Amino acid sequence: MQLALGYWGVRPSLLVLSPSNLNLLQSPNSDQKMEALVVRRLGDPTLPPCAEDSPFEAFSRGHPLPELSSSTSVRVRVAATSINFATFLQVQGKYQERPPLPFVLGSDYAGVVDAVGPAVRKFRLGDRVCSFASIGSFAEFLVTEEEGLFAVPDGCDLVAAGALPVAFGTSHLALVHRAQLKSGQVLLVLGAAGGVGVASVQIGKVIGATVIAVARGTGKFHYLKSIGADHVIDSSQENVIESAKSFLKSRGLKGVDVLYDSVGGKLAQDSLKLLNWGAHILIIGFASGDVPVIRANIALVKNWTIHGMYWSSYLTHRPSLLTDSLNEILSWLSKGLITVQISHTYRLPEAHLAFAALRDRKVIGKVMLVMSSSAKSRL
């Protein structure tokens, strides 16, 4: 089954390794090479590159450095890139975007400007930047257009900045611009310990909402309490609906105003029982593998608003809104209003271990790949 998720999908220049584009990666006058994680075929991303059935090419430093593709392009030395659930699906061929094989995986990332085209005005060599790409960031260098990069504020860690665009960008646009969450409203977050879940809990608290967070496991429970969730439900120990009802009653609250659902399945279906009249439902993804059914007649009677949230489509349809959203999030990060929880870090040759951590639900927040060649002093 192909599972759609509501984020991700922006392409950088040059890093599709299909035969028609491979020449763009090669410079006849340069013998510089880089590390890159190349998907050679669809398959299980938890298998190491040396395994016979691995989807990845055997790891090496034999990939040519990408050259600047236009007068406004920028080459970034990648410091860190994140793994999202969408990345996991894409390697298996279950995501809605399927680049031609072979290709270099991509996600949100941060790094340092390494080269600029002659018409670039916003950035100089050595500037710290972050952005997002559906392909290309699982490599030491990436080339993209100037307009797609964001300056990382002074004092912000590059690994944290590399974890921010997709998770916090998705949650910010969903909560602030789609559901228009307001101070005093009740936000229910399913899958609250994942990347987008942790982001939505923090954004909800910045706005002033009462946040109910649902996750599995004691460690996740304590972490979500530590970042300000008003009520945390361990779904492995408690009945989610009864626990939420009890909390709402104790606070004199009628129900939930905004449901943030990245899980789907029975949990999402049951959570509809908690929604107020006029509630907003944010459909972020289906990590459970099961797409819930929301009956239209119930939505009509309850005056619910159902929002599909495919984050990267804003780049096509509302690019200025996406840019403003990410700039606000970076501002919040620099002011300490939000924090980025890095659960695990791995080097590029260990990407299969990162995917396994995500698969096994060991991650609280984000799992990151940190490049070997990005000197620690630059982070």
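Visitor: How do the axes of helix 3 and helix 10 cross, and within what distance do they come?

Guide: In this predicted model, the axes of helix 3 (residues 165-178) and helix 10 (residues 319-335) come within 9 Å and cross at roughly 110°. Angles of 65 to 115 degrees count as roughly perpendicular, and helix 3 and helix 10 are therefore roughly perpendicular to each other. Their crossing is right-handed.

Visitor: Which residues of helix 3 and helix 10 meet?

Guide: From helix 3 come Pro165, Phe168, Gly169, His172, Leu173 and His177. They meet Leu321, Leu322, Ser325, Leu326, Glu328, Ile329 and Trp332 of helix 10. By character, this contact brings together eight nonpolar residues, four polar ones and one charged one.

Visitor: Let's turn to the strands. Which strands pair with strand 7, and in what sense?

Guide: A general idea helps here: side chains in a regular strand alternate between the two faces of the sheet. In this structure, strand 6 (residues 108-116) pairs with strand 7 in the antiparallel sense, over five bridges. Strand 9 (residues 150-151) also pairs with strand 7 in the antiparallel sense, over two bridges.

Visitor: Which residues stand opposite Val129 and Cys130?

Guide: Val129 in strand 7 has Gly111 opposite. For Cys130, the bridge partner is Phe150 in strand 9.

Visitor: How many residues of strand 7 are buried?

Guide: Buried means under 20% relative accessible area. In strand 7 (residues 128-132), four of the five residues are buried, so this strand is largely enclosed by the rest of the structure.

Conventions:
Residues are numbered from 1 along each chain as its sequence is written. This is a predicted model: local features need pLDDT of at least 70, side-chain atom pairs count only at pLDDT 80 or more; totals for chains, interfaces and linings use all residues. Side-chain values use heavy atoms; hydrogens and water are left out. Axes are lines fitted to C-alpha atoms, for helices over the stretch in contact, and angles run from 0 to 180 degrees between N-to-C directions. Angles under 35 degrees count as roughly parallel, over 145 as roughly antiparallel, 65 to 115 as roughly perpendicular and the rest as oblique. A crossing is left-handed if the near helix is turned anticlockwise from the far one by less than a right angle, and right-handed if clockwise. Contact means heavy atoms within 4.5 Å. Ala, Val, Leu, Ile, Met, Phe, Trp, Tyr, Cys and Pro count as nonpolar, Asp, Glu, Lys and Arg as charged, and the others, Gly among them, as polar. Buried means under 20% relative accessible area, exposed over 50%, partly exposed in between (1.4 Å probe, protein chains only). Two strands pair if DSSP finds at least two bridges between them.
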